[in-house]
Amino acid sequence: MAKILVVDDEVLFLELMKGILEEEGFEVATACNEEEFRDSVLSEKPALIILDIMLGGKTGPFIYDDLLAKGMLARSIPVIFISGLMQDRLPTKPVMPGQSYALCAKPFESQALLKDIHTLIKAEAV
């Protein structure tokens, strides 16, 4: 099955996500900071990224945009931005052709997140 890269600075969250995703049959790679994220994107070649909005001193979207600008990240990799700062789970529309995004609040319902993951991975396969 597809490989998912989970990026969050909370180790317990990474362990939780790894368990949920592996139970669903996904391969899982994790990163807990910007440097590990950059290294993992290049070495793991994920089919989808789950990226915390607040990642250390920078925001996840800023780091993501920087990777895109430097050509280190394919625009076609879908991303689920996740944050404990939101009240509700809000799906978002793609910003550019070939880019797929979703926005998910912490805490979340694992079944809703898994549904978004399957939807985004299927959309990229088409």
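The following exercises, each with a worked solution, concern the fold of one protein chain.

The structure is a predicted model, in which local features need pLDDT of at least 70 and side-chain atom pairs count only at pLDDT 80 or more, while totals for chains, interfaces and linings use all residues. Residues are numbered from 1 along each chain as its sequence is written, and side-chain values use heavy atoms, with hydrogens and water left out.

**Exercise 1. The chain as a whole**

State how many helices and strands the chain has, and the pattern that it follows.

Solution. Step 1: helices (H or I, at least four residues) and strands (E, at least two) are DSSP runs, numbered from the N terminus. Step 2: the chain has 4 helices and 7 strands. Step 3: along the sequence, the pattern reads β-α-β-α-β-β-β-α-β-β-α.

**Exercise 2. Strand S1 and its partners**

Determine which residues of S1 are buried on each face, and how S1 is joined to S2 and S3.

Solution. Step 1: a residue is buried under 20% relative accessible area, exposed over 50%, and partly exposed in between (1.4 Å probe, protein chains only). Step 2: on one side of S1, Lys3, Leu5 and Val7 are buried, and on the other side Ile4 and Val6 are buried. Step 3: two strands pair if DSSP finds at least two bridges between them. S1 and S2 run parallel and are joined by 5 bridges; Lys3 stands opposite Glu27 in S2. Step 4: between S1 and S2 the chain passes through helix H1 (residues 11-23), in a right-handed β-α-β crossover. Right-handed here means that, with the strands pointing away from the viewer, the path from the first strand over the helix to the second runs clockwise. Step 5: S1 and S3 also run parallel, with 4 bridges, and Val6 has Ile50 in S3 as its bridge partner.

**Exercise 3. The two sides of helix H2**

Identify the buried residues of H2, explain why they lie on the same side, and describe the ends of the helix.

Solution. Step 1: H2 spans residues 34-44, and its buried residues are Phe37, Arg38, Ser40 and Val41. Step 2: these residues lie on the same side of H2 because they cover an arc of only 170 degrees around the axis, taken from the directions from the helix axis to the C-beta atoms. Step 3: the face turned away from the buried side carries the exposed residues Glu35 and Ser43. Step 4: at the N-terminal end, Asn33 caps H2, with a side-chain oxygen 3.2 Å from the backbone nitrogen of Glu35. Step 5: just after H2, Lys45 takes a positive phi of about 50 degrees.

Key:
Polar contact = N/O pair within 3.5 Å; in protein donor to acceptor, adjacent residues only side chain to side chain.
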